[in-house]
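Reader: I'd like a close look at one part of this one, please, with the cut-offs spelled out along the way. Start with the charged pairs, then go wherever the packing takes you.

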Amino acid sequence: MVNSSPQTQVYCTRPSCDSPTNIVPEEFLAPGSRRFCSCCGMPLILGERFVTLRLLVPHEEQGGFGRTFLGQDLSFPHRPPRVIKQLYPQIPHGRLRHIPSDLEHIQELFKREARILSEFKHPQIPRAWAYFVAEVPPDLRNLSAQTSNHQSFFYLVQDYIEGQNLAQELQQHGNFSGRDVINLLQQILPVLDYIHNFRTKDFEGVLHRDIKPSNIMRSHQENNDGRNLYLIDFGAVKQVVVKGVPVDSSCVLGTPHFASPEQVAGRQISAASDLYSLAASCVCLLTGKNPAALRSEDSWDWRQHASVNENLADILDKMLLWEQRERYQSAREVLEALSAISALSVTPVVPSFPTLPPTKRTLPPPPPPSIWQKLRPIPKRWSWLSFSFLALLAIASTIIVFLTRKPGQIPLGSVNKLSLKAENFSRGENALIADAQGFSASECKTAYDSKQKGMEAFANASSPEAFRISEEAFKAAIELFKKVAVRNRCEVDPETWIYYYNSKAAQTTSASRIPTIAVVIPSASEDRGIAREILRGVAQVQHEQYHRGASTLQILIAKEDSNNIKEVKQVAKQISENNIPGELKYFKGSDILGVIGRYTSRNIWEAGKIYGDKQLVLIAPTSTAIRNPNIFGEGALNPHVFRTASNDSTAASDLADYMWKSNARKSLIVFEDGDPYSKSLKKKFEDNLISKGTKLQDILNCDLTSYKPEICIQLARNENVHALMLAPGPRTLKQALEIAKLNSKLGNQKVQLLAGDVLYNKQTLDDLGQTADGIVVAVSSHISLVGANTHFHQSAKELWATQKVSWRTLTAYDAAQAFVAALTKVRLQGKNNPSRQDIYERLKDPTFSAPSSTTVNVEFNREHDRKIVKGIGVLVQAKNSPKPNPNANNNSSDEYGFTLLEIPERNNPK
């Protein structure tokens, strides 16, 4: 009887097999099945789930270290295609075996490639699914000539990209255009930027080493707008020359025609070496010629063979310079140069998720055309006259504006220059935090009017007696604030409290010698809540110090635009140099001994360098990105930066533990590429899940800089994820909140939302409303950890008419208490005029400890981050129904309605 069951052709991977093709019935192909080659006895199912169908690269094109197959993954019902790479070091003729150390080195490099690819999470790099070693019996045909020892083969399994490589496209369709090459550069340079700046405990940047047209794949998508370029073949074994293996077989130098001079010579290579190979590939595609035919000695002659924009040609030539140091040093530099070619601007192709099936993939619409693409060309006969007229009109307009401007008005053309004024700094003379919005009580307006009078008196005071006037005005404002705050018709302004105690301090005979601490707050109106939270913590320490009869701190408040790195650096420079614009003469001799700053993780590295150069300690109560080693290229955080909040490693561990205990295994991480906080939290969350046993394919990513919220939700639905991890940066917070809204509309399909502390704010609950319920957020602390009879609880009630404050108030309070404790220790040593270095020495002392808002004292580890003990780093949950009452007696929720969910255990609990 003829067997009519379906059959599949399976390929044997034993290199010595003479008849590798096997015909296997379908019913015998299942994960864990035991099927063997009919010729040599080699197992046909690899790693208990993969089968090979054919050689993907012909024998004559295979490298000297391995072979590449097209295979299938049997663990999925639809058997998705996979690329299966086998480590196969060829033995040179006449040599019985490689030296053991050679083979071990090759195997180690192959493992290294697998580790690197398993950690890469980039949509244009094929994902690594598995790496395994197959121990197999000897070839059945040669048992008499071999020992009974088993053989070892090494395999790496990756995504299969269906399409053509660029070498094939060149052969089939002819030379590329300049526009095609710009499109290529715009897609591949971000991939190189990713791998060159890839940092883990094992890797300090990764170089590709073999960029050429055949290693750039273009996948074919049903949607033409979704065509994508992939960088393939990260063969780490190309880094070593194996004794006895010919160079042209081992490919240790990459592909010589595309390799940089230093790579060919065996010298040290860098990111500029990969950029050289990329440019050589572009020249090949533009001309259709082998790079060797276009290069002589140390110069290139390719322009005459291609019709290309001069600016693009200049960029490629710089990438191809002989000396490494003369080329672009990073992919970002090339991208910046490309952005200047406005006439050839190309709408970048938005990469698609390799995990989305083509029939379900929906790509976001392309961005609108630039203004240069909208403008119609000017007829040649009018071009000279038109531009001459425009030039004359511009000159005339400039002259008119210059002649008619008022005295002191900023001249035309200087509006982009950074000019920080006295209005950016204040001890009591300016209002740097915006008035509270949404309160219509007349008493609230009267309170702000009284504050204004206090500021005017403070600005004009020149003697201790004069500061009593400002003190009285600020006190009157505070009483009005507290009166209406009890009825929830206004809130107590923390800046007014600080100015009140600054006025008191100014009345002492040694006001100029009172220690000054600068507090930096964000200036954006949407960050008013964060500014208020930080100032609350600092004001409470001033309040407690005064009532203990201790020396009062003088607080200098500074504001900055957190999205303007130039302004961030300028503010840091002026504070560190004690050069405050508009500083009142009365405080000229007061030295700034420390800074408390709401620096985002994006900016703290730059600000920390500036403060560190002037030996000025910065204590950051809100920055949480991984400190050292830093994986984003900024280098280690300056040791003069201390932090009182728990870091992202703690937050990620707590969220991963919560997810694991909830029996959730598959997750989608929503993040913002380029933001240190976001990438830091994402990376640590992934690491924690993997350490618990989560499979790589069960951790999905959605980059908010490339994809719309609808795409992220679609991916979550298609892949049936169990948890959505929201880890946006500040700039993509709105998109993350939109994802939370879309998730709430999924009904029974909605998943658990986890989030980093950037989602902890009033905006989250105001924007989401009832849909915010249930979001689990990792933060540093919670008001319910504060005892009912502590100094913090009592002063919070007295100052704000409520004890329900945020975690940022707690960590800002802890930062100010750390400075107070350091100052106290210095004075106890007999130094009445402490220096910046004195403060630094006390804070970095391993025995340093300061009282905190909770029962857990402020202590720093050797990296100057907060010691992580039980009570530092907690999980809270949003509860927005009903809206929390800030004056309620229960202490279960904070001012925004987040309740304490869990206090994770630590290795050294307190």
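**Salt bridges, then a helix and its neighbours**

Author: Glu262 and Arg327 are both buried, where buried means under 20% relative accessible area, exposed means over 50% and partly exposed is in between, using a 1.4 Å probe and protein chains only. Before going on: this is a predicted model, so local features need pLDDT of at least 70 and side-chain atom pairs pLDDT 80 or more, while totals for chains, interfaces and linings use all residues. Numbering runs from 1 along each chain as its sequence is written, and side-chain values use heavy atoms, without hydrogens or water.

Back to that pair. Glu262 and Arg327 form a salt bridge, with their closest N and O atoms 2.9 Å apart; the term covers a side-chain nitrogen of Lys or Arg within 4 Å of a carboxyl oxygen of Asp or Glu. This bridge ties together distant parts of the chain, 65 residues apart: Glu262 sits in helix α5 (residues 261-264), and Arg327 in the loop between α7 (310-319) and α8 (331-339). Helices and strands here are DSSP runs numbered from the N terminus, H or I for at least four residues and E for at least two.

There are 45 salt bridges in the structure. In one of them, Glu310 meets Arg303 with 2.7 Å between the closest N and O atoms. Arg303 counts as partly exposed because its relative accessible area is 27%. Another joins Arg548 to Glu544, at 3.5 Å between the closest N and O atoms. Its two ends sit differently: Arg548 is partly exposed at 44%, while Glu544 is buried at 6%. Elsewhere, shared partners knit Arg49, Asp73, Arg82, Arg127 and Asp159 into one salt-bridge network.

Now for the packing around helix α15 (residues 565-576). Its twelve residues should span 16 Å at 1.5 Å a residue, and the end C-alpha atoms are indeed 16 Å apart; the expected span is 1.5 Å times one less than the number of residues. At the start of α15, a side-chain oxygen of Asn564 comes within 3.1 Å of the backbone nitrogen of Lys566. That's a polar contact, a pair of N or O atoms within 3.5 Å, one able to donate a hydrogen and the other to accept it, with residues adjacent in sequence counting only if both atoms are side-chain atoms. Just past α15, Asn578 has a positive phi of about 55°.

Among the buried residues of α15 are Val568, Val571, Ala572 and Ile575. The buried residues of α15 pack (heavy atoms within 4.5 Å) against partners including β14 (516-522), β16 (592-597) and α16 (604-613).

Follow β16 from there. Six of its six residues are buried. On one side, five bridges join β16 to β14, running parallel, and Ile517 stands opposite Gly594; strands pair if DSSP finds at least two bridges between them. Three bridges link β16 to β17 (residues 617-620), again parallel, with Gly594 opposite Val617. Together, β16, α16 and β17 make a right-handed β-α-β unit: with the strands pointing away from the viewer, the path from the first strand over the helix to the second runs clockwise.
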